[in-house]
Amino acid sequence: MIFQLIAIFIIFYSFWNLKKAFLIFLLYDLFLNTNINFLSIPGVPILTVEDVLIMVFAVEFFIRYGSNKGRPYAQTRNNFPFKTPFIILTISWTVSTVFALVGFAGAVSAYVKQILEYVIMTYLMWRIINDKRDLIFLLRGFTFLFLLCGIYELYEIATQSNPLSDYETSLVQDQTRAIDFGNYEDEQDRGFRAKSVFSHPIGSGINFGLYIIMALFFLMKAKVNIKTNRLLVLATCLLSLACIIMTKSRGPYLFTLIGIFSFVNLKSQKFYRYAIIMALALMVLLPYFSDQLDIFKSLFSADAQAKVGGSDANMRFDQLAVAVGIMSMSPLYGLGFKFLNEMSTAITMRLLGSESIWFQVLPQFGIIGIIAYLFMIYWTLIKLPRKYKSSSIFFIGLAYWGVITLTSVPGMQIYLYYLALILVIKYQMGCFGEVKEDKGFLVKK
C-alpha cells in the first residue's frame with residue numbers, strides 16, 4: 001500500500017500546488033518501474049500507479065490551463081518540440097491497435113499505457129517545467145535520489161539480495177503481469193548483476209547514465225549559475241558510474257560513452273577542472289573493477305564478447321529474421337500490441353526477448369511503424385539539434401537510439417530520456433533565467 005499512499009498524497013497536494021506536485025511525481029516516478037496496480041476492478045483494465053498519476057495530472061492540467069492562454073504555461077503551448085513525430089507515432093499505434101491480432105479490446109490497455117507514458121507524460125513535462133526554480137528542484141532531487149539508489153546498489157552487491165525488488169514483485173496481484181526477466185542476477189559468465197531500485201541491470205545502468213548526462217550538462221557545459229553543492233553532484237556521478245559498472249551490462253557503457261559528448265565543452269576551463277577531478281577519482285576506483293574490463297572491451301572485441309557471454313551478432317540476425325517473418329503476416333500495420341499472446345511459442349521463442357527496438361516495431365507496427373520510428377530518429381538527431389542549435393540534443397538522442405537498436409533496455413525509465421532532452425531544449429530557449437538563492441530558499445531576482 002505504500003506506493004498507492006504516496007500517490008494519493010501527491011494527488012491531494014496537486015490540488016494546492018500543481019507544479020510542485022508534478023515535480024515531486026517526476027522524482028517519485030524513478031521508483032515506479034514495476035506493474036504495481038493502483039486500482040483493480042473486475043472488467044476494468046488494471047491501471048498502474050504511474051499511469052493513474054499521469055492521468056490525474058493530465059486532466060487537472062488541461063482543466064486549469066489547457067484552454068486559457070492568459071494563464072501560466074501558455075508560452076509553451078504552440079512549440080511542443082515532439083508534436084509532429086508523436087502524431088505520426090500515435091497514428092501508427094492506433095492503426096495497429098484497431099487491427100491487432102488479439103483484437104482491439106485485448107490491445108487497447110497496452111495502447112493507452114503507451115500514449116500515457118510516452119506522449120502525455122512528455123507533453124506535461126514540456127508545459128510545466130518552465131523556469132530555473134524547476135530545474136534546481138529537479139537537479140537537487142535527482143542528485144539525492146540517485147545517491148540513495150547508488151548506496152542501495154552497494155548494499156545489494158554486499159548482500160547479494162534485493163529486498164525492495166522482492167517486495168515490489170509481491171505487490172503485483174496478477175503474477176502474469178509481474179516483471180520477470182529470468183535469473184540474470186547470477187549469470188555463469190558475469191556473476192551477480194546489480195540493478196538497485198530498478199527492474200533490470202541494463203535499464204538501471206542507463207538510468208544512472210541519464211543522471212550523469214543531465215547533472216554534468218548543467219554543471220560543466222551550461223551557463224546556468226546553479227547554487228548547489230558541486231562536490232556532492234560529482235560524488236553522485238562517480239557513484240552512478242560505479243553502479244553502471246556493477247550492472248555488468250554493455251548497453252549502459254555504450255549509452256554513457258556516447259552521452260558524454262553532450263556535456264563536453266572544450267572551450268570551458270570548468271570542463272577541464274572537473275574532468276581532472278573525475279579522472280583522478282577513476283584512477284583510484286578502477287582497480288576495484290578490473291575484473292569487469294572484459295565486459296567493457298566486449299563492445300569492441302569479439303574475443304571479450306565470447307568470454308562474457310550474452311547475445312552476439314548471429315543471435316541478433318536470427319531474431320531479425322524471425323521478426324521479419326512475423327511481420328509478413330501483416331506487413332502494413334503489423335499485429336499490434338500483445339500479439340505474442342496469440343501466437344505459437346514455437347514461432348516467437350526465437351525472438352529471445354526482442355533485443356532491439358526494431359524486433360518489436362516490425363511485428364507490432366509493420367511498415368507504417370517503421371516509417372514512424374525512422375521519422376522520430378530523423379526528428380531527434382537532425383531536426384531538433386538544428387532548430388535549437390545544440391549538439392547535446394544530438395548526442396543524447398544518438399545514445400538512446402544507438403543503444404535501443406543494438407539491445408533491449410528493460411528497466412529504463414523512458415521519461416528520464418525525454419526529460420533530459422526537454423531540459424536541454426529549455427536551456428537553449430533561455431527559459432532558465434537567474435534565480436537568487438538565500439540560505440537554501442529560492443527567491444526571484
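This note sets out numbered points on a predicted model of a protein chain.

1. Overall make-up. The secondary structure of the protein amounts to 18 helices and six strands. Of its 445 residues, 54% are buried. Where contacts join residues at least 6 apart in sequence, 77% of them connect residues at least 24 apart. The protein exposes about 20200 Å², and carbon and sulfur atoms supply 65% of that area.

2. Confidence. The mean pLDDT of the protein is 83, and 79% of the residues score at least 70. Among the elements, helix α4 (residues 83-98) has the highest mean pLDDT, at 97, whereas strand β6 (residues 441-444) has the lowest, at 34. Two stretches deserve a remark in this respect. Over residues 175-183 the pLDDT stays under 50, and the model gives this stretch 14 contacts beyond four places in sequence. Residues 435-445 likewise have a pLDDT below 50, with 17 contacts in the model beyond near neighbours in sequence.

3. Aromatic pairs. How many aromatic pairs does the model contain? The count comes to 37. One of them joins Y373 and W401, whose ring centres are 6.5 Å apart and whose planes stand at 80 degrees, an edge-to-face arrangement. This pair links distant parts of the chain: Y373 belongs to helix α16 (residues 358-387) and W401 to helix α17 (residues 391-406), 28 residues apart. Both Y373 and W401 are buried.

4. A second pair, within helix α16. The rings of F375 and W379 have centres 5.5 Å apart and planes at 35 degrees; the pair is therefore tilted, since stacked planes would be under 30 degrees apart and edge-to-face planes over 60. F375 and W379 are four residues apart in helix α16, so about one helical turn separates them. An α-helix has 3.6 residues a turn, and residues three or four places apart therefore point the same way. As for exposure, F375 is partly exposed, with a relative accessible area of 24%, whereas W379 counts as buried at 13%.

5. A charge over a ring. The charged end of K426 sits over the ring of W126, at 4.2 Å from the ring centre.

6. Helix α7. Which residues of helix α7 (residues 163-171) are buried? They are S165, E168 and L171. Viewed down the axis of α7, the buried residues fall within an arc of 120 degrees, so they line one face of the helix. D166 and S170, on the other side of α7, are exposed.

7. Residue S354. S354 is placed in the loop between α15 (345-348) and α16. Its relative accessible area is 11%, so S354 is buried, the cut-off being under 20%. Leaving out residues up to four places away in sequence, S354 touches Q319, F359, Q360 and S408. S354 and T407 are separated by 53 residues in sequence, yet their C-alpha atoms are 8.2 Å apart in space.

8. Residue S240. S240 is part of helix α9 (residues 230-246). With a relative accessible area of 0%, S240 is buried. Apart from neighbours within four places in sequence, S240 is in contact with F146, F208, Y211 and I212.

9. Positive phi values. Two loop residues other than glycine are listed here for their backbone angles. S196 has a phi near 55 degrees, a positive value, and lies in the loop between β4 (191-192) and α8 (201-221). K389 has a phi near 50 degrees, also positive, and lies in the loop between α16 and α17. Are these residues buried or exposed? S196 counts as buried, because its relative accessibility of 1% is under 20%. K389, with a relative accessible area of 71%, is exposed, because that value is over 50%.

How values were computed. Residues numbered from 1 in each chain as written. Predicted model: local features only at pLDDT ≥ 70, side-chain atom pairs only at ≥ 80, totals over all residues. Heavy atoms only, no water. Phe/Tyr/Trp six-rings, centres within 6.5 Å; stacked < 30°, edge-to-face > 60°. Helix = DSSP H or I, 4+ residues; strand = E, 2+ residues; numbered from the N terminus. Buried < 20%, exposed > 50% of the residue type's maximum accessible area, 1.4 Å probe, protein only. Lys NZ or Arg CZ within 6 Å of the ring centre and 35° of its normal. pLDDT = per-residue confidence, 0-100. Contact = heavy atoms within 4.5 Å. Areas by Shrake-Rupley, 256 points an atom, 1.4 Å probe, with all protein chains shown as cover. Arc of directions from axis to C-beta.
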